[in-house]
Amino acid sequence: MGTNYLRCNAGRTAAAAAVLLLAGVMVLVTPLSAGAANHKGIAVGSEAVVSGTWKATAATTSMTFTTNTFQTSMITNTGTIALSAISYKVTISNPASGTPTFKVFACAVAWVSNLCSGGAGTQAGATLAKNTTTTVSSTVVPAVAGNVYLQIEPASVTSSVTVTLGTSIAAPAQLRAAVKTNQ
Amino acid sequence: MSLHTRTRNKPRRHGKAMVAGLFAASVGLLTTAGVYAALSGVATGSEAVASGTLNLTLSADVGAGFSNFVGKMAPGDTDNVYVNLNNTGTLASAAGMTLWVAGTPANALTNGTAPGEGLTVTATQCSVAWTLATGVCSGTTTPILATAQISTMNTSGTAVSLSNVPSLAASTGQVAHVQVSLGLVGTETSTNGVAPTPTIQGLSTTLAYTFTEQQRTGIATNQ
């Protein structure tokens with residue numbers, strides 16, 4: 001046991017000496033490369049950026065009318081950018097009978113007894129006919145994380161007719177005014 | 001007992017033999033070198049040489065400089081930062097300088113995956129320091145980079161050449177007061193609360209602006 005230890009030690013000593021000798025020779029024969037600089041001056045700066053989002057959802061997207069009773073839908077700004085306008089895609093089905101028409105009104109607060117703060121609210125677009133798909137826009141917009149309220153006001157409903165409601169927000173036209181920041 | 005002693009001494013003799021061999025080899029190499037030196041004729045002259053330096057530094061001109069954060073950027077927004085590019089070396093740079101901007105992580109803000117959309121950069125030099133409050137140059141402005149999509153210059157291989165960089169190209173010690181304008185182009189529509197795919201909305205990235213100057217051309221001197 002003791003013998004093996006001594007042999008191993010001697011072998012390691014010899015190997016280490018050989019490695020050192022080889023390393024020395026390598027240093028001697030390696031050409032100097034001090035002139036290999038890239039001859040460039042480089043400066044780097046950084047800044048972090050986050051983009052906002054612009055989107056809105058309708059709480060009620062489909063309404064079926066069998067009478068001329070008004071119905072409402074709450075619109076929520078689920079984005080992070082304030083809006084200047086919002087569009088609604090309104091699709092009206094083709095009823096079995098009759099020629100109903102519809103109007104879309106927006107209000108910044110919830111409708112009470114068909115009134116917007118005691119008034120009629122702001123109409124989005126014109127009067128809409130049956131069997132059509134129309135995109136109307138409104139400048140009554142919800143604040144970020146806030147709501148506006150639509151009221152769909154039918155007329156001349158004689159049989160079941162469905163109104164489907166969708167939202168769309170186009171950048172940059174329907175976003176807040178551009179901001180210029182100096183910092 | 002005697003056998004035990006022999007087994008101890010034998011390895012020592014081997015080790016000594018190896019060390020002796022290495023010593024002899026070293027002596028042989030040194031002797032050879034000595035003989036070579038002895039056979040050489042040597043003449044010595046001397047000259048002093050000092051190498052120049054090529055340094056480009058980036059610091060805030062006015063305001064926060066690049067150490068800023070731009071949050072909730074909307075299409076059409078502009079964020080201006082004001083930096084000084086300073087040639088602090090002892091060597092003039094060659095006329096011209098390049099800039100590339102990398103985004104980490106790379107996403108639709110910087111890599112062009114949302115066609116026609118993403119971040120843009122514009123650079124303008126002012127002959128004096130910029131006025132932070134107004135973003136106005138009270139001296140003379142010189143455009144050095146027209147508005148460019150970052151997606152077109154997001155690698156070192158696609159670095160763009162800055163134009164009209166006289167103060168940096170001329171000589172050492174010169175400072176360029178540069179306004180770097182970051183813009184966002186966005187033309188997409190979100191429908192029913194859902195952004196399109198791909199989208200530039202709700203993304204974050206850290207932009208690294210890399211300015212690079214080249215050393216002036218080499219000079220041959222006869223003296």
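Start by selecting A:Val50 and B:Ser204: these two residues stand opposite each other, with B:Ser204 sitting in β10(B). Keep in mind as you look around that this is a predicted model.

Now widen the selection to the whole of the two strands. Strand β1 of chain A covers residues 40-51, and it pairs with β10(B) in the antiparallel sense over 11 bridges. For another pair along this ladder, pick A:Gly41, which stands opposite B:Glu213 of β10(B).

Stay on β1(A) and show its side chains. In a regular strand, side chains alternate between the two faces of the sheet. Which residues of β1(A) make up the covered face, and which the uncovered one? Colour A:Gly41, A:Ala43, A:Gly45, A:Glu47, A:Val49 and A:Ser51 for the covered face. Then give A:Lys40, A:Ile42, A:Val44, A:Ser46, A:Ala48 and A:Val50 a second colour for the uncovered face.

Next, bring β2(B) into view. This strand and β1(A) run parallel and are joined by 3 bridges. To see one residue pair here, select A:Ser51 and its bridge partner in β2(B), B:Met73.

While you are on β2 of chain B, click on B:Val70, which lies in that strand. Is B:Val70 buried or exposed? B:Val70 counts as buried because it has 21 C-beta neighbours inside 10 Å, and the cut-off for buried is 20 or more. Leaving aside residues up to four places away in sequence, B:Val70 touches A:Glu47, A:Val49 and A:Val50 from chain A, along with B:Asp79 and B:Leu182 from chain B. For a distance to try in your viewer, go from B:Val70 to B:Asn55: the two are 15 residues apart in sequence, and their C-alpha atoms are 29 Å apart in space.

Zoom out now to the contact between the chains. How many residues does each chain bring to it? Chain B brings 66 and chain A brings 45. On the side of chain B that touches chain A, the elements giving two or more residues include α1 (2-38), β3 (78-87) and β8 (175-185) of chain B. The element that gives the most to this side is β10(B), with 12 residues. Colour this side of chain B by residue type and you will find 29 nonpolar, 31 polar and 6 charged residues.

Finish with chain A by itself. Shown as a cartoon, chain A has 1 helix and 12 strands, and the helix comes at the start when you trace the elements from the N terminus. Of the 183 residues in chain A, 29% count as buried. Among the contacts in chain A with a separation of 6 or more, 80% link residues 24 or more positions apart.

Terms used:
Residues are numbered from 1 along each chain as its sequence is written. Chains are lettered from A and ligands numbered from 1 in the order in which they are written. This is a predicted model: local features need pLDDT of at least 70, side-chain atom pairs count only at pLDDT 80 or more; totals for chains, interfaces and linings use all residues. Two residues are in contact if their C-beta atoms, placed from the backbone, lie within 7 Å. Helices (H or I, at least four residues) and strands (E, at least two) are DSSP runs, numbered from the N terminus. Ala, Val, Leu, Ile, Met, Phe, Trp, Tyr, Cys and Pro count as nonpolar, Asp, Glu, Lys and Arg as charged, and the others, Gly among them, as polar. Two strands pair if DSSP finds at least two bridges between them. A residue is buried if 20 or more other C-beta atoms lie within 10 Å of its own, exposed if 12 or fewer, and partly exposed in between; C-beta atoms are placed from the backbone.
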